[in-house]
Amino acid sequence: MNYKNRYISSAFLLLLSSVIVKIIGAVYKIPLTSYIGAVGRGYFASAYNVYLPIHAVIMGAFPIALSKLTGKYAARDDSESLSALKKGSSRLFFKVGLGGMLIMLALAKPYSVFVAASPKSIYTILVLTPSILFSAFCASYRGYYEGFMNMVPTAVSQTIEALFKLIFGLLAARLSMAYFIESYHLTGCVLGVSVKTEAQALSMIYPVTSAFAMLGVTLGTVVSLLYVLIYHSINKTTLPRAGKALTKSLQSELFSFSLPIMISTAIQSVFQFLDTATVQYALKLAGNGAVLHAFAKLMAMSKTENTDAVTYAFGLFSTASDFKNLIPGITMALGVCAVPAVSAAFELKNQNSLNSLINEIYKYTVLLSVWGGIFLYNSSEKILNLFFSSSSPDIPSGCNMLVKYFALTVPFYCLAGTAVFCTQAIGKAEKCITPYVVCGIIRSVFNIILVKNEKFLLFGAVISGAAGYFLMGIWNVLIVKKYTKTDFSIKNILLKPVFIGICLTLFVKKLNFFEDFSQNLLINLLIEFVICSLVFCILCLLFKSLNVKEIFCFIKSKKNARNT
């Protein structure tokens with residue numbers, strides 16, 4: 001089976017699981033927001049602001065390096081090195097996971113007090129902390145199997161993790177909220193403290209219920225780890241026993257290869273942290289009065305205390321970002337699958353295969369991002385109303401235009417993510433560092449300038465993110481071109497997807513007819529989704545961005561993948 005077909009087969013599985021995970025994530029976060037409100041989401045987001053940089057350094061560096069090296073030694077059919085690599089990686093991943101957990105514990109109080117200006121967010125941070133260790137150890141198995149382009153452990157484990165987060169996270173949030181609200185109505189107290197108004201009661205309840213909801217996330221990582229351990233015990237192949245010297249050598253190679261990725265990912269994570277932190281800080285600079293003036297009506301609808309204006313605004317931003325991250329989160333599967341495929345083709349110096357593969361990766365990334373951005377832009381109001389209109393009517397009004405503008409920038413985020421994965425796959429992770437730094441500076445500086453301006457506020461973050469990620473994507477594409485000598489097909493990668501997007505946009509404008517098809521908003525939304533998807537696929541076939549031969553190749557590759 002050639003690398004292109006193997007890539008398509010494994011990418012499809014991971015894409016499918018990513019879609020499922022994103023759907024579960026939406027089902028999780030959206031009702032969660034209805035339970036804990038925009039203020040509670042602000043606490044929730046604050047915890048993730050500490051967690052994600054640490055998580056990204058570990059999960060963005062070591063699994064990619066392990067996948068790359070596994071793919072390299074698998075291409076050489078070096079079973080002894082594969083055995084040593086698996087043994088050494090398990091030890092290394094446990095150590096870095098433990099280190100990451102301790103770092104997060106140390107940062108919990110300083111961040112909640114001095115950066116987020118929200119001391120009560122420490123509860124959610126502490127509950128989330130153990131998941132760093134479980135995720136890291138789980139990644140040692142995911143990365144190993146990804147190196148063989150076996151995406152089953154990754155696909156299933158991330159789905160299990162999302163399901164448990166959904167079930168136990170929502171259950172914990174709902175039960176805890178119900179308990180504290182009932183306690184307030186019966187006794188006039190929350191956690192033993194007397195309160196005068198419901199708004200004051202909610203202000204005390206939200207940080208605690210957010211922490212309870214976060215329990216689901218941590219439990220999800222535990223169950224995900226248990227699955228990959230069971231999968232490995234059942235499916236592991238017999239490999240020659242590796243000596244201590246070779247194991248240490250491969251562990252050192254893994255760490256050495258991870259180091260530039262870790263540095264570049266750390267820089268990205270630092271600037272990702274600064275990106276969200278500068279939004280919070282800029283809102284603070286704008287002043288509680290300016291933020292309150294912009295969101296006063298919405299805050300009145302949600303019974304939010306005036307003193308929580310900045311946290312409320314950041315909660316809206318976090319909610320809108322969830323929708324913006326949907327499509328890049330899905331197309332990330334293309335990048336993850338690209339690492340072992342591109343690595344093997346690059347290692348064997350198969351120029352024709354490498355050229356075809358990289359063009360396909362970028363083509364599908366742009367196509368999916370264009371489709372997702374157009375659908376999200378057109379349907380944002382319906383999606384927000386579907387989930388929030390009955391429980392939190394302030395959120396659709398506060399997030400609609402923000403989600404629409406974010407939707408227009410989706411292709412920049414998707415292309416940047418895939419381009420970075422391709423750069424790492426060819427062993428040039430250190431080349432990502434400068435683009436990360438420049439992109440991060442642009443985003444952070446623009447946030448401070450624009451978000452604190454009353455004319456922009458949250459919309460300033462849309463502009464800064466688009467500018468930074470556009471530059472980072474183009475920069476990494478040029479890096480890949482330089483070292484792989486790939487001849488990019490601008491027509492297939494850019495011109496055709498853009499033209500298809502224009503045609504789809506014109507068609508979408510005619511879909512208003514279907515708004516009266518049913519009184520049920522969900523049915524109307526599903527009709528739009530199905531019709532847009534069908535029209536998009538037809539356009540791809542008409543303009544030969546996707547051809548029948550490619551579909552049959554994919555079906556054949558799936559059968560071969562199952563047989564092997």
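A residue is termed buried when its relative accessible area is under 20%. Arg443, at 1% relative accessibility, therefore counts as buried. This residue belongs to a predicted model, and the description below begins with the confidence of that model before turning to salt bridges, aromatic pairs, a buried glutamine and a surface patch.

The protein chain has a mean pLDDT of 83, with 93% of its residues at 70 or more. Confidence is highest in helix α14, which spans residues 459-484 and has a mean of 92. The lowest value is found in helix α17 (residues 548-563), where the mean is 49. Over residues 557-564 the pLDDT remains under 50, and for this segment the model has eight contacts beyond four places in sequence.

Five salt bridges are present in the structure. In one of them, Arg443 is paired with Asp275 at an N to O distance of 3.4 Å. Arg443 is part of helix α13 (residues 433-451) and Asp275 is part of helix α7, so this salt bridge ties together parts that are 168 residues apart in sequence. Asp275 is buried as well, because its relative accessibility is 14%, a value under the 20% limit.

A further salt bridge joins the side chains of Glu528 and Lys382, with a distance of 3.2 Å from N to O. Since Glu528 is located in helix α16 (residues 521-542) and Lys382 in helix α11 (residues 351-388), the pair ties together parts that are 146 residues apart in sequence. Glu528 has a relative accessible area of 2% and is therefore buried. Lys382 is likewise classed as buried, at 14% relative accessibility.

Glu161 and Arg142 also form a salt bridge, in which the closest N and O atoms are 3.6 Å apart. Glu161 lies in helix α5, whereas Arg142 lies in helix α4 (residues 131-147), so the parts tied together by this pair are 19 residues apart in sequence. The two partners fall into separate accessibility classes: Glu161 is partly exposed, with a relative accessible area of 22%, while Arg142 is buried at 12%.

The aromatic side chains were examined next. A pair of aromatic rings is described by the distance of the centres and the angle of the planes. The count of aromatic pairs in the model comes to 22. One of these is formed by Phe164 and Phe168, whose rings are stacked, with 5.6 Å from centre to centre and 15° between the planes. Both residues are carried by helix α5 (residues 152-187), where they are four residues apart, or about one turn of the helix. Phe164 is partly exposed, with a relative accessible area of 28%, and Phe168 is also partly exposed, at 35% relative accessibility.

Tyr227 and Tyr231 provide another example: their ring centres are 6.0 Å apart and their planes stand at 45°, so the pair is tilted. These tyrosines lie in helix α6 (residues 198-235), and because they are four residues apart, about one helical turn separates them. In contrast to the partly exposed Phe164, Tyr227 is buried, with a relative accessible area of 18%. Tyr231 is also buried, at 14% relative accessibility. The two tyrosines belong to one aromatic cluster, in which they are joined by Tyr144, Tyr145 and Phe148.

Helix α7, which spans residues 244-286, also contains Gln280. The relative accessible area of Gln280 is 7%, so this residue is buried. Neighbours within four places in sequence aside, the contacts of Gln280 are with Ser46, Asn49, Tyr111, Ala116, Val310 and Phe314.

At the surface, a nonpolar patch of about 650 Å² is made by Ile490, Leu494, Leu495, Val498, Phe499, Ile502 and Leu506. Val498, one of its members, is located in helix α15 (residues 490-508). The relative accessibility of Val498 is 39%, and the residue is therefore partly exposed. This value fits the requirement that residues in a patch have over 30% relative accessible area.

Terms used:
Residues are numbered from 1 along each chain as its sequence is written. This is a predicted model: local features need pLDDT of at least 70, side-chain atom pairs count only at pLDDT 80 or more; totals for chains, interfaces and linings use all residues. Side-chain values use heavy atoms; hydrogens and water are left out. Patches are made of residues with over 30% relative accessible area and no salt bridge: like charges are joined within 9 Å, nonpolar side chains (Val, Leu, Ile, Met, Phe, Trp, Tyr) within 5 Å. Accessible areas come from the Shrake-Rupley method with a 1.4 Å probe; for residues, only the protein chains shown count as cover. A salt bridge is a side-chain nitrogen of Lys or Arg within 4 Å of a carboxyl oxygen of Asp or Glu. Helices (H or I, at least four residues) and strands (E, at least two) are DSSP runs, numbered from the N terminus. Buried means under 20% relative accessible area, exposed over 50%, partly exposed in between (1.4 Å probe, protein chains only). pLDDT is the predictor's confidence in each residue, from 0 to 100. Contact means heavy atoms within 4.5 Å. Rings of Phe, Tyr and Trp (its six-membered ring) pair if their centres lie within 6.5 Å; planes under 30 degrees apart count as stacked, over 60 as edge-to-face and the rest as tilted.
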